[in-house]
Amino acid sequence: MTHALIVDDDVDAAAMLSELIALQGLTVATANSLRDARKQLALQTPDLVLLDLRLPDGSGMDLFSDPELLADSEVVLMTGHASLETSILALRLGAVDYLVKPVTLKHLQGVLSRVTKPAVLKAEVAGLTANLASTGNFGQLWGRSACMLRVYEQISRVAGSGVTVFITGESGTGKEVVAQTIHELSRRRKMPFLGVNCGAISPNLIESEIFGHEKGSFTGADRQHQGFFERAAGGTLFLDEITEMPLDLQVKLLRVLETGRFMRVGAAQSQETDVRIIAATNRSPMQAVADGHLRVDLMYRLNVFPIEMPPLRERLSDVPLLAGRFLRLIGEQEGKEKSFTPAALEQLSAYHWPGNVRELRNAVQRAYVMASGSTIDTQWLPHPSGWSPPQQIDSLDAAPPVARSVEPGVVHAQAEAPRESVVVPIGISLAEAEQKIILATLEHYGRQKERTAAALGISLKTLYNRLKQYAADDKP
């Protein structure tokens, strides 16, 4: 049976907390001083220690001075004020979470539901680290470069705690994958992981999406709506591109982080939340503050544990591993395996990848579709000096060249290529030129959308969106 130890000099508060914990099916012991706490720890090693900061014979933090004393116990601090300093101190000394006094039943139940022996989490992390050399992955993250090993170390340190994490890095570096890995190695893994892109939601709807709304709170609110904070209860909420969140909403988010309570749009009463926040941005946080995109108080509240994702150009040694991984996944989906030539891998490793891992994945997808055989060479891969279109199509894709004349005032796309071309008049808008090229390429590949998207170097989603837009524009 799970055993808990309450260390609190308030006898009445400790007794009440003890009764609440006992009702949850745990055995409980109490201590009102550091001296009593040490005695209880010697009598029976608890799975969970609820530790008050202020005790008559010293600070609750003094128990951390003996590493062996709490080695097999989870420590949750109890404090009257949830401050940034408390969070950082809790992390540094080994606490996994903290409760704000007075402790509520909902928050207590959340802590009790996540009790896990520290040795269990350490063993999982150790297993991932041990397999890193042979497999090249750490959970869902791939790479063996020094900068990625540093990221893995940070994830290992913070995953088991309950503190807020702030992930920074360029677009396409894998910030959401880092957030998912943290969640999967945390005590919240059995609960939901929800991600929301703050820049992809209309400013008029984002508050409702995050906090929810009551029926009739605004025009069109014909029913009650649960926001992300409610849907992620007990789990992790990933706020991507946090600097795109409206400033007035940032104020409300800050209050939620400080009080653990939120309010639906149109509600009269607030409600408790038990969610771990992981935020991310592709901007420099300090620059975002200077530019007025991020409140400085929210930045410091989120930045309890920062993790910076390196761009792919700073870990080019990981490119062959990543490319091989993407190629295997695509082969499994398509039912046909393909492989890179040594020259192809060398060219991939020499490219600077401005779009990072996302661009690499798209490049591999395109090369897989365009290669007619089982081997992918350099023809359909980006060149180190910039994207270099192939000079000819594989024989299976080739179409008879179309005779054409060069007319004054007309630009011929790919004038020397021995395949169909698109004639784009000078003065045409970029949107019209794009539409001509997309539709012509779609027809060239027999309206096969996957091959069209790969040839154009765009995602399938982007192609669908363009075609939907063109169809709407053609309607009278």
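**Second largest pocket and Thr452**

Modeller: In this predicted model, α13 gives the most to the lining of the second largest pocket, with six residues.

Colleague: Okay, how much space lies in that pocket?

Modeller: The second largest pocket holds about 820 Å³ of space. It is lined by 30 residues.

Colleague: Which of those are closest to the centre?

Modeller: Gly174, Val177, Phe326, Val357 and Arg361.

Colleague: And which elements give two or more residues to the lining?

Modeller: There are helices α7 (175-184), α13 (319-334) and α15 (356-370). The strands are β9 (141-142), β11 (193-197) and β14 (236-240).

Colleague: What does the lining have by class?

Modeller: Twelve residues are nonpolar, ten are polar and eight are charged.

Colleague: New topic. Where does Thr452 lie?

Modeller: In helix α17, which covers residues 449-456.

Colleague: Is Thr452 buried or exposed?

Modeller: Buried. Thr452 counts as buried because its relative accessible area is 0%, and the cut-off is under 20%.

Colleague: What does its side chain reach?

Modeller: The side chain of Thr452 reaches the backbone oxygen of Gln448, at 2.8 Å.

Colleague: Leaving aside neighbours within four places in sequence, what is Thr452 in contact with?

Modeller: Ile438, Thr441, Leu442, Tyr445 and Leu463.

Colleague: Zooming out, how many helices and strands are in the protein?

Modeller: The protein has 18 helices and 22 strands.

Colleague: What share of residues count as buried?

Modeller: 45% of the 476 residues.

Colleague: And how much area does the protein expose?

Modeller: About 23800 Å². Carbon and sulfur atoms supply 52% of that area.

Notes:
Residues numbered from 1 in each chain as written. Predicted model: local features only at pLDDT ≥ 70, side-chain atom pairs only at ≥ 80, totals over all residues. Heavy atoms only, no water. Helix = DSSP H or I, 4+ residues; strand = E, 2+ residues; numbered from the N terminus. Buried < 20%, exposed > 50% of the residue type's maximum accessible area, 1.4 Å probe, protein only. Areas by Shrake-Rupley, 256 points an atom, 1.4 Å probe, with all protein chains shown as cover. 1 Å grid on protein atoms, 1.4 Å probe; cavity = no way out; pocket = protein on both sides within 12 Å on 5 of 7 lines; lining within 4 Å. Points joined across faces, edges and corners; volume = space filled by probe spheres on them. Nonpolar A, V, L, I, M, F, W, Y, C, P; charged D, E, K, R; others polar. Polar contact = N/O pair within 3.5 Å; in protein donor to acceptor, adjacent residues only side chain to side chain. Contact = heavy atoms within 4.5 Å.
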